[in-house]
Amino acid sequence: GAEYSIDPSSAVRITAQIQYFQCSGAQLQGVSTSGVWRQAFVGNNYLSTSVPNVGSLTSSPVTIQNPTSLALYLPPNSLTAGSYYGFIFRARAYNALQQILGEVNSTLVVYATMPDVVALIDGGTFRTVSVNNSVIIDA
């Protein structure tokens, strides 16, 4: 699993890669793979607890436009700043009879960063401050 920080006004595009490994001397014919993305919430099955901030995931759902694509794509402004979003990618390998040969789940946490607030103060002076800081203005 992994954790990424992103600007919520930007699009998110993270691509998975599925590889299967053969045992020495094994001849696997007709092997195919598939993958699916889904949003994870605290307490979901297959959610890796070793990924940082997995216990802080938001309960706000997001729409995954094409969950069976290898690429997780979220349009700009689809995440709320200051929130952690969890995603699980499940990859499977199948034999020629479409029987599952193996399955693995991977956890991804995306943090939507808090943008700086820029305020234009009357008189032509401006300041850039974090939304987490207190500012006292003498008038």
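Here are some short exercises with worked solutions on this predicted model.

**Exercise 1. Getting an overview**

Task: Work out how many helices and strands the protein has, and what share of its residues is buried.

Solution:
- Step 1. Begin with the elements: the protein has zero helices and eight strands. Read from the N terminus on, the order is β-β-β-β-β-β-β-β.
- Step 2. Turn to burial. Of the 139 residues in the protein, 28% are buried.
- Step 3. Look at the surface. The protein exposes about 9100 Å², and carbon and sulfur atoms supply 49% of that area.
- Step 4. Finish with the contacts. Taking contacts between residues at least 6 apart in sequence, 63% join residues at least 24 apart.

**Exercise 2. Tracing the open sheet**

Task: Find the order of the four strands in the open sheet, and say which strands stand at its edges.

Solution:
- Step 1. A quick reminder helps here: strands of a sheet pair through backbone hydrogen bonds, in either a parallel or an antiparallel way.
- Step 2. Walk across the sheet. The order is E1-E6-E5-E3, and the pairing is mixed.
- Step 3. Check the ends. Strand E1 (2-6) and strand E3 (32-40) each have a single partner strand, so one side of each has no neighbour in the sheet.
- Step 4. Consider the twist: on average, neighbouring strands of this sheet are turned by 25° against each other, direction ignored.

**Exercise 3. Following E5 and its partners**

Task: Describe how strand E5 (residues 84-94) pairs with E3 and with E6, and decide whether E5 is mostly covered or open.

Solution:
- Step 1. Take E3 as partner. E3 and E5 run antiparallel and are joined by nine bridges. You can follow the register on two pairs: Ser32 is opposite Tyr94 in E5, and Gly35 is opposite Ala91 in E5.
- Step 2. Move on to E6. E5 and E6 are also antiparallel, with eleven bridges between them. Here Arg92 stands opposite Glu103 in E6.
- Step 3. Inspect the turn. The hairpin of E5 and E6 has five residues between the strands, and in this hairpin Gln98 takes a positive phi near 65°.
- Step 4. Judge the cover. E5 is mostly covered, with nine of its eleven residues buried.

**Exercise 4. Two buried loop residues**

Task: Show why Leu57 counts as buried or exposed, do so for Ser83 as well, and list what each one touches.

Solution:
- Step 1. Place Leu57: it sits in the loop between E3 and strand E4 (71-74).
- Step 2. Apply the cut-off of under 20% relative accessible area for a buried residue. Leu57 has 10%, so it is buried.
- Step 3. Find the company of Leu57. Beyond residues up to four places away in sequence, Leu57 touches Ala40, Phe41, Val42, Leu47, Tyr84, Tyr85, Gly86 and Val109. The C-alpha atoms of Leu57 and Ala40 are 7.9 Å apart, although 17 residues separate the two along the chain.
- Step 4. Repeat for Ser83, which is in the loop between E4 and E5. Its relative accessibility is 15%, so Ser83 is buried as well.
- Step 5. Apart from neighbours within four places in sequence, Ser83 contacts Thr58, Val110, Tyr111 and Ala112.

**Exercise 5. Positive phi in a loop**

Task: Locate Tyr46 and Asn53, and give the phi of each.

Solution:
- Step 1. Recall that most residues other than glycine have a negative phi.
- Step 2. Look at Tyr46, in the loop between E3 and E4. Tyr46 is not a glycine, yet it has a positive phi of about 70°.
- Step 3. Asn53 is also found in the loop between E3 and E4. Its phi is positive too, at about 65°, although Asn53 is not a glycine.
- Step 4. Add the exposure: with a relative accessible area of 30%, Asn53 is partly exposed.

**Exercise 6. Exploring the largest pocket**

Task: Give the volume of the largest pocket, and identify the strand with the largest share of its lining.

Solution:
- Step 1. The largest pocket has a volume of about 210 Å³.
- Step 2. The pocket is lined by 15 residues, of which Ala16, Trp37, Phe89, Ser106 and Leu108 are the closest to its centre.
- Step 3. Sort the lining by strand. E1, strand E2 (12-15), E5 and strand E6 (100-112) each supply at least two residues.
- Step 4. E6 gives the largest share, five residues.

Notes
Residues are numbered from 1 along each chain as its sequence is written. This is a predicted model: local features need pLDDT of at least 70, side-chain atom pairs count only at pLDDT 80 or more; totals for chains, interfaces and linings use all residues. Side-chain values use heavy atoms; hydrogens and water are left out. Two strands pair if DSSP finds at least two bridges between them. Axes are lines fitted to C-alpha atoms, for helices over the stretch in contact, and angles run from 0 to 180 degrees between N-to-C directions. Buried means under 20% relative accessible area, exposed over 50%, partly exposed in between (1.4 Å probe, protein chains only). Contact means heavy atoms within 4.5 Å. Accessible areas come from the Shrake-Rupley method with a 1.4 Å probe; for residues, only the protein chains shown count as cover. On a 1 Å grid over the protein atoms alone, a cavity is a set of points where a 1.4 Å probe fits but cannot get out, and a pocket is an open set with protein on both sides within 12 Å along at least five of seven lines; lining residues have an atom within 4 Å of a point. Grid points are joined across faces, edges and corners, and a volume is the space filled by probe spheres set on the points.
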